[in-house]
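Biologist: I have the sequence and the model open side by side, and I would love a close look at one part of the fold. Could you walk me through a helix and what surrounds it, and then move on to the strands and cysteines?

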Amino acid sequence: MPELPEVEALRDFLATHLVGHRIARAQPVAISVLKTYDPPLAALDGRTVTGVGRYGKFLDLDADGLHLALHLARAGWLRWHDALPTAPPRPGKGPLALRVALEGGAGFDLTEAGTRKSLAAYLVHDPREVPGIARLGPDPLAPDFDRDRFAGLLAGERRQLKGALRDQSLIAGIGNAYSDEILHVARMSPFKQVDRLTDDEISTLYEAVRATLTDAVERSRGLAAGRLKAEKKSGMRVHGRTGEPCPVCGDTVREVSFADSSLQYCATCQTGGKTLADRRMSKLLK
């Protein structure tokens with residue numbers, strides 16, 4: 001799933017390629033992608049893109065006051081074309097979900113792999129009309145997101161760190177991958193309880209959040225949309241690297257599997273050498 005750093009890089013890329021250009025047409029290809037109907041998507045035709053923003057994991061294309069908000073979900077992606085195919089897209093054929101064409105022939109496709117269709121597009125007058133945007137917590141890279149604000153968000157939380165970091169209503173933009181990375185940098189167990197953090201540990205976790213996301217954004221800055229996935233994967237320390245050596249201590253990166261996701265961690269760096277129970281395997285062994 002694209003998270004804050006990749007979506008920020010896409011925002012930067014699209015701002016360069018879209019702002020000042022007129023939309024020729026916006027065409028939904030998959031029935032499931034469009035979540036709003038008023039105004040109709042055809043209202044974008046002929047409008048000029050005046051800005052591209054980001055809200056957590058959402059992209060926001062401002063076209064003369066109408067906002068096309070996009071959420072790529074788990075398996076969605078954006079593919080830029082300097083020259084879009086001339087043949088009209090065929091609904092139900094392949095992963096294509098939405099096409100936005102500019103006057104002059106360039107544009108982009110939104111695609112979604114797999115059968116679980118969660119990619120979403122909303123056309124609204126105000127981004128906060130989108131429920132997912134309206135419920136977002138603060139952006140962790142915002143200038144006013146300081147240590148005290150972070151501590152205030154965690155106050156009263158009675159759950160595990162991994163879940164808290166991934167909660168979009170608490171902090172916007174962090175998902176499964178970067179929560180693993182942040183906790184590795186902070187040298188904390190994903191199962192550590194938030195309400196047991198000391199003041200020093202809150203400071204350490206705050207610095208890990210800012211440093212991890214800032215570094216990832218800087219690595220992705222200026223890359224073409226098609227190269228962002230590879231950059232994300234290559235920059236991971238533990239996420240997606242089960243069985244590989246930890247880049248800090250050399251211990252083997254381990255995994256905990258759940259019904260529809262998994263997390264990766266280093267026992268030496270994060271849990272005092274203790275191997276966390278794999279929930280999926282524990283159920284099988286009962």
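Modeller: Happy to; here is a tour that begins with the first helix and ends with the cysteines. Please keep in mind that this is a predicted model.

Let's start with helix α1, which covers residues 4-18. Its helical partner here is α6, residues 199-220, and the two pack at an angle of about 35 degrees with their axes 9 Å apart. The crossing of α1 past α6 is right-handed. If you want to find the contact on your screen, look for Leu4, Pro5, Glu8 and Ala9 on the α1 side, and for Leu213, Ala216, Val217 and Ser220 on the α6 side. Sorted by class, this contact has 6 nonpolar residues, 1 polar and 1 charged.

Helix α1 also has strands to deal with: α1 lies across β5, β6 and β7, and runs at about 25 degrees to β5. Those strands belong to an open sheet of 4 strands, ordered β1-β6-β7-β5, with antiparallel pairing. At the edges sit β1 (23-28) and β5 (76-81), each of which pairs on one side only. From one strand to the next, the twist averages 15 degrees. Inside this sheet, β6 (residues 96-102) and β7 (residues 107-112) are antiparallel and share 5 bridges. One place to see the pairing is Leu96, which stands opposite Thr111 in β7.

Now for another pair of strands, β9 and β10. Strand β9 (residues 253-257) runs antiparallel to β10, and 5 bridges join them. The link between the two is a hairpin of 4 residues, and Ser257 has Ser262 in β10 as its bridge partner. Strand β10 (residues 262-266) is largely enclosed by the rest of the structure, because 5 of its 5 residues are buried. Ser262, Gln264 and Cys266 point one way from β10, while Leu263 and Tyr265 point the other way, and all are buried.

Cys266 brings us to the cysteines. The structure holds 0 disulfides. For Cys246, the nearest cysteine sulfur belongs to Cys269 and is 3.8 Å away, and Cys246 is in no disulfide. Cys249 is in no disulfide either, and its nearest cysteine sulfur, that of Cys266, is 3.4 Å away. A disulfide is counted here when the two sulfur atoms are within 2.5 Å, so neither of these pairs qualifies. As for their surroundings, Cys246 is buried, with a relative accessible area of 5%, whereas Cys249 counts as partly exposed at 35% relative accessibility.

Conventions: Residues numbered from 1 in each chain as written. Predicted model: local features only at pLDDT ≥ 70, side-chain atom pairs only at ≥ 80, totals over all residues. Heavy atoms only, no water. Axes fitted to C-alpha atoms, helices over the stretch in contact; angles between N-to-C directions. Left-handed = near helix turned anticlockwise from the far one by under 90°. Contact = heavy atoms within 4.5 Å. Nonpolar A, V, L, I, M, F, W, Y, C, P; charged D, E, K, R; others polar. Buried < 20%, exposed > 50% of the residue type's maximum accessible area, 1.4 Å probe, protein only. Pairing = 2+ DSSP bridges.
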